[in-house]
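Open the model in your viewer and keep the selection panel at hand. We will go from stop to stop, selecting as we go.

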Amino acid sequence: MRIRRSGLATGILLAVFYLTLLPFVAHGVGMIGKGLSQDAARHSYLFADGANFGNAAMLVHILAGTFLVALVPLQLLKGLRLKYNRFHRMLGACLVALAWITGLAGMSYIPLRGTIGGPVMSAAFFLYGLCLFTAALMVARRALEGDRAGHWAWGLRLFWLALGSWLYRVHYTLWYLLTGGVGSEPDFSGPFDLVQNFAFFVPYLLAVQIWIARRRQRHQGALVTNP
Ligand code: HEM
């Protein structure tokens, strides 16, 4: 009965997640269409005339990032992981590759073209890219070493980082719905924007770290009482 209930809760969570992801994916597909058009620079500030490498980096970035966000929740489904271990490994390899491509393309774009929000946003997004890249590297390394606890911990970090771009939009949507956009400016220079540069990944990483530390403590406590 408990298993059925938790399965139902997971199903509802996934359905809500994919519903909220739809506009984000539609936006990504729209941006790719704009990027591929003859006069891309006229359609979006993300593309510039003659800046072929920067434009290509942004296109690759959006494509890989959209697949990453859409696929990453499947990797946490316990049922799939336990029943179809080969699927878990194959999807894991895809996610690591997607995270590297998304991160590397984003980190190449920043020094070339900067960001709409200026140096603070550029620094924050570069840091985000580094975190995503490192988490993908470590989750693969720990899996290859057979370190299950390490693989699990890095997998959780990668999961929340992969969702970061979606969380960034969720924060903005909720804030605009609740306050009409107090502290947010079109050039992303408002206090809310400055906080958001970091708030879509740093607090989540901290929360995951506390969760991992608590789980480890409980596990060690259980080993001491039941050696
Ligand atoms: C994790 C999945 C990610 C997805 C789905 C994603 C998606 C996108 C999309 C759709 C845009 C276009 C923004 C717009 O239309 O307003 C964008 C822009 C951008 N992304 Fe990502 N992204 C992801 C991760 C990252 C990472 C890890 C970095 C860090 C290297 C990054 C850096 C950037 C930068 C610098 C821009 C341009 C910002 C601007 O000036 O407006 N993104 N991304």
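How many cavities of 30 Å³ or more does the structure hold? The structure holds one. Keep in mind that this is a predicted model.

**Stop 1: the cavity**

Select Leu 74, Gln 75, Leu 77 and Leu 80. Add Arg 81, Tyr 84, Phe 87 and His 88. Together these residues line the largest cavity. The space inside the largest cavity is about 40 Å³. Now colour by element. Helix 3, helix 4 and helix 5 each give two or more residues to this lining. Colour by class next. Five of the lining residues are nonpolar, two are polar and one is charged.

A word on how such spaces are found: rolling a probe the size of a water molecule over the atoms shows where empty space is left.

**Stop 2: the largest pocket**

Select Gln 75, Leu 76, Arg 81, His 88 and Trp 152. These residues lie nearest the centre of the largest pocket, out of 48 that line it. Among the elements that give two or more residues to its lining are helix 4 (78-83), helix 7 (148-162) and helix 10 (202-225). The volume of the largest pocket is about 2200 Å³.

Which helix gives the most to this lining? Select helix 7: it provides nine residues. Colour the whole lining of the largest pocket by class. You should find 27 nonpolar, 12 polar and nine charged residues.

Gln 75, Arg 81 and His 88 may look familiar. They were in your selection for the largest cavity, and they also lie among the residues nearest the centre of the largest pocket.

**Stop 3: the second largest pocket**

Select His 61, Phe 125, Ser 165, Tyr 168 and Arg 169. They lie nearest the centre of the second largest pocket, which 36 residues line. Two or more residues of this lining come from each of helix 1, helix 3, helix 5, helix 6 and helix 8. The pocket has about 1100 Å³ of space. Its lining has 21 nonpolar, 13 polar and two charged residues.

What takes up this space? Show the ligand: the space it takes is the second largest pocket.

**Stop 4: around the ligand**

Select the shell around the ligand. It has 27 residues, and the closest are His 27, Tyr 45, His 61, Ile 116 and Phe 125. By class, 16 residues of the shell are nonpolar, 10 are polar and one is charged. Helix 3 supplies the largest share, seven residues.

Zoom in on the polar atoms. Start at His 27: an N or O atom in its side chain is 2.7 Å from an oxygen atom of the ligand. Move to Ile 116. Here a polar backbone atom is 2.8 Å from an oxygen atom of the ligand. Then go to His 61, where a polar side-chain atom lies 2.8 Å from a nitrogen atom of the ligand.

**Stop 5: the iron atom**

Stay with His 61, which has its place in helix 3. Which protein residue is a donor of the iron atom of the ligand? Select the NE2 atom of His 61. This is the only protein donor of the iron, at 2.0 Å.

Finish by showing His 61 and the second largest pocket together. His 61 is one of the residues nearest the centre of that pocket, and one of those closest to the ligand.

Conventions
Residues numbered from 1 in each chain as written. Predicted model: local features only at pLDDT ≥ 70, side-chain atom pairs only at ≥ 80, totals over all residues. Heavy atoms only, no water. Near = heavy atom within 4 Å. Polar contact = N/O pair within 3.5 Å; in protein donor to acceptor, adjacent residues only side chain to side chain. 1 Å grid on protein atoms, 1.4 Å probe; cavity = no way out; pocket = protein on both sides within 12 Å on 5 of 7 lines; lining within 4 Å. Sits in = over half its atoms within 2 Å of the grid points. Helix = DSSP H or I, 4+ residues; strand = E, 2+ residues; numbered from the N terminus. Nonpolar A, V, L, I, M, F, W, Y, C, P; charged D, E, K, R; others polar. Donors = N, O, S within 2.8 Å, 3.2 Å for Na, K, Ca; no water. Points joined across faces, edges and corners; volume = space filled by probe spheres on them.
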